[in-house]
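Please open the model in a viewer and keep the sequence panel visible. The tour below proceeds by selections, each followed by a description of what is found there.

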Amino acid sequence: MPPPQSASSRYLAFLAEQSPPLSKAAEPEAEVDRGREQIEPDELAWQSRWFAGDFGHEFVTMDGEAVRIVDFGWWNHGAGPDFRGCTVTVNGEVRTGSIELDRDARDWEHHGHALNPAYRDTVLHLHLGQRGGGQWFTRTDEHRLVPQVRLDRQSPVRHFPEVPPPAARPGRCLEVFRRLGPERTLAVLEDAARHRLERKAARLRRIAAIHGEDQMLYQTLADALGYSRNRLPLTVLAQRLPLKFLKTRPGGGAEAEALLFGASGFLTGDDFDHADPETRRWLRGLWDCWWSYRDAFAPGLPRLPLRWSLTGTRPLNHPQRRIAALCVLVRNWPEVRRVLTGPGFSVKAVKAFAETLTHPYWDRHYTLHASPATKPMALLGSARLTEILANLCFPLAVAGNEKAWDEYRRLPAPADNEKSRRAAVRLFHGYPDPDRLTGKLWQQQALLQIYEDFCLEDHTGCRDCPMPEQLSAPPLEAAGQD
Ligand code: SF4
């Protein structure tokens with residue numbers, strides 16, 4: 001008799017008949033069924049995904065050589081290639097140097113890298129293809145050929161939120177879900193939610209294998225703090241300023257704070273000149289540290305700038321406050337690590353710890369320009385905590401731990417998740433007692449997974465989506481497959 005399937009593997013079996021398979025799920029730049037909208041992440045997003053290991057670490061060059069990334073190096077702040085201090089093997093031969101990532105292979109020539117000695121030690125040129133066909137060769141100013149790797153845009157991990165919110169219209173599976181009834185519908189949702197947690201955990205483990213566990217935690221916290229409009233700039237900020245680097249600054253937390261604010265682009269002389277006395281005092285402390293790093297770490301050329309989204313952002317969620325929260329987490333790192341991932345992890349302990357986190361300036365300021373608030377404001381509010389629990393704590397805690405899964409199941413759904421609300425319209429519009437299917441965090445996560453696995457794969461307005469037929473099929477157990 002075959003071994004019993006886990007919930008997640010049942011969901012995978014459920015997906016297996018889908019074409020293309022799950023591992024080739026729609027990529028951000030694929031056309032999606034929402035007004036045929038074209039979504040293209042910018043170069044910074046590709047670089048961030050590469051550095052997080054989303055493309056893997058084994059490749060084949062355009063000339064058929066086997067490449068393995070031994071060390072992803074560090075994000076370059078100055079002139080020259082994107083990543084410095086990298087180690088790769090090419091057909092087993094160890095090479096150390098830099099890696100450059102361009103969207104188009106021809107950018108190497110167009111940007112003048114072929115004549116620039118700063119690019120001389122490049123050991124690998126990554127790109128996402130080239131327009132116009134043919135093959136461009138990558139050469140240094142000394143006419144050394146640099147191996148090229150074309151990254152697969154259909155990489156298996158979709159991470160940054162380029163995925164658009166679903167169109168809020170009832171789908172073809174809606175009737176089938178109604179016929180199934182709440183018990184079987186909840187079972188499908190549970191499988192999808194467990195599968196989502198496993199995928200998140202796998203990604204966290206991959207980042208930890210490349211950059212270490214602390215950096216994985218710190219980077220994921222930055223990502224959660226950036227949710228939803230500033231995930232990319234906050235993640236890149238944490239990638240460019242690794243935790244290990246911040247923790248070893250001689251000035252400690254104050255220096256780390258100056259670096260994070262300075263490299264984010266939020267420390268400008270103009271802000272200082274127009275600030276009120278309290279803000280000036282706080283900024284002066286930052287500038288005392290920042291001036292010595294400024295030349296090396298100031299954002300902008302030659303590195304791609306961080307673009308912060310302020311449109312439609314509530315004052316409480318201003319990216320300056322999110323960076324302040326990241327600074328406070330860095331200052332309290334041993335405790336952060338213990339509470340979020342230690343053996344005593346619990347939602348109650350995480351919430352209690354969050355309440356202890358304070359900042360002398362940001363407890364009462366929305367932005368550098370705003371007047372002080374009359375009451376202190378939490379640096380990590382409930383929405384941020386939910387994001388951290390859903391994307392970091394529970395993916396790590398749930399693996400093989402049913403007690404953690406039970407705790408995860410109890411978490412209420414955040415009220416403001418527009419994406420899952422729209423996905424619910426597609427699957428459960430008009431369902432009696434919809435709260436039973438969508439009122440918990442795990443249910444919202446399940447909806448997002450189904451949306452990504454099925455709705456984003458479908459370009460026929462539901463017509464060819466296999467979900468309704470698979471739902472109508474007898475359960476695997478009944479078919480004698482379990
Ligand atoms: S694409 Fe498939 S899963 Fe999505 S709403 Fe339509 S039938 Fe349902």
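**The hairpin and its neighbour**

Begin with β4 and β5, which form a hairpin with two residues between them; Asn91, in the turn, has a positive phi of about 50°. The model is a predicted one.

Display β4 as residues 83–90 and β5 as residues 93–102. The two strands run antiparallel and are joined by six bridges. Thr89 may serve as a marker, since Val94 in β5 stands opposite Thr89.

Next, add β6, residues 122–127. This strand runs parallel to β5, with five bridges between them. Here the pair to label is Leu101 and Leu126 of β6, which stand opposite each other.

**Val60 and strand β1**

Select Val60, which belongs to strand β1 (residues 58–60). Is Val60 buried or exposed? Val60 has 12 C-beta neighbours inside 10 Å and therefore counts as exposed. Apart from residues up to four places away in sequence, Val60 touches Glu65, Ala66 and Val67. A distance monitor from the C-alpha of Val60 to that of Val90 should read 9.1 Å, for a separation of 30 residues in sequence.

**The whole chain**

Zoom out to the full protein chain, which has 20 helices and nine strands. Of its 482 residues, 37% are buried. Taking contacts between residues at least 6 apart in sequence, 68% join residues at least 24 apart.

**The nonpolar cores**

In soluble globular proteins, nonpolar side chains tend to be buried together. The largest nonpolar core of this model comprises 81 residues. To find its best-connected members, select Leu221, Leu237, Leu260 and Leu326, which have the most contacts inside this core. Helix α15 (residues 382–398) contributes the most to this core, with ten residues.

Centre the view on Leu326. Beyond its neighbours within four places in sequence, Leu326 is in contact with Leu221, Ala222, Leu225 and Leu260. A second core, separate from the largest, has 19 residues, among them Phe59, Val67, Cys86 and Val149.

**Helix α5**

Now select helix α5, residues 213–226. How many of its 14 residues are buried? Eleven are, so α5 is largely enclosed by the rest of the structure. The buried residues include Met216, Leu217, Tyr218, Gln219 and Thr220; Asp223 is also one of them. Show α4 (173–211), α6 (231–240), α7 (243–247), α12 (319–331), α13 (333–341) and α15 to see the helices against which these buried residues pack.

The length of α5 can be checked in the viewer. At 1.5 Å a residue the helix should span 20 Å, and its end C-alpha atoms are 20 Å apart, which agrees.

**Backbone exceptions**

Most residues other than glycine have a negative phi, and most peptide bonds are trans. Two further selections depart from this pattern.

Move to the loop between α5 and α6, where Ser228 lies. A cis peptide bond joins Tyr227 and Ser228, with omega of about 0°.

Then go to His143, in the loop between β7 (138–139) and β8 (145–146). His143 has a positive phi, near 65°. With 7 C-beta neighbours inside 10 Å, His143 counts as exposed.

**The ligand site**

Finish at the ligand. Which residues surround the ligand? They are Gly171, Arg172, Cys173, Arg426, Leu427, Phe454, Cys455, Asp458, Cys462, Cys465, Met467 and Pro468. Coloured by residue class, this shell divides into eight nonpolar, one polar and three charged residues. Three helices, α17 (418–428), α19 (441–455) and α20 (467–472), each supply at least two residues of the shell.

Within the shell, select Cys462, which is found in the loop between α19 and α20. Cys462 has a positive phi, near 85°. With 18 other C-beta atoms within 10 Å, Cys462 is partly exposed.

Finally, highlight α19. Its 15 residues reach 20 Å from the first C-alpha to the last, close to the 21 Å expected at 1.5 Å a residue. Of these residues, 14 are buried, so α19 is largely enclosed by the rest of the structure.

Notes:
Residues numbered from 1 in each chain as written. Predicted model: local features only at pLDDT ≥ 70, side-chain atom pairs only at ≥ 80, totals over all residues. Core = buried A, V, L, I, M, F, W, Y, C linked by C-beta atoms within 7 Å. Buried ≥ 20, exposed ≤ 12 C-beta atoms within 10 Å, placed from the backbone. Helix = DSSP H or I, 4+ residues; strand = E, 2+ residues; numbered from the N terminus. Contact = placed C-beta atoms within 7 Å. Near = placed C-beta within 6 Å. Nonpolar A, V, L, I, M, F, W, Y, C, P; charged D, E, K, R; others polar. Pairing = 2+ DSSP bridges. Expected span 1.5 Å × (residues − 1).
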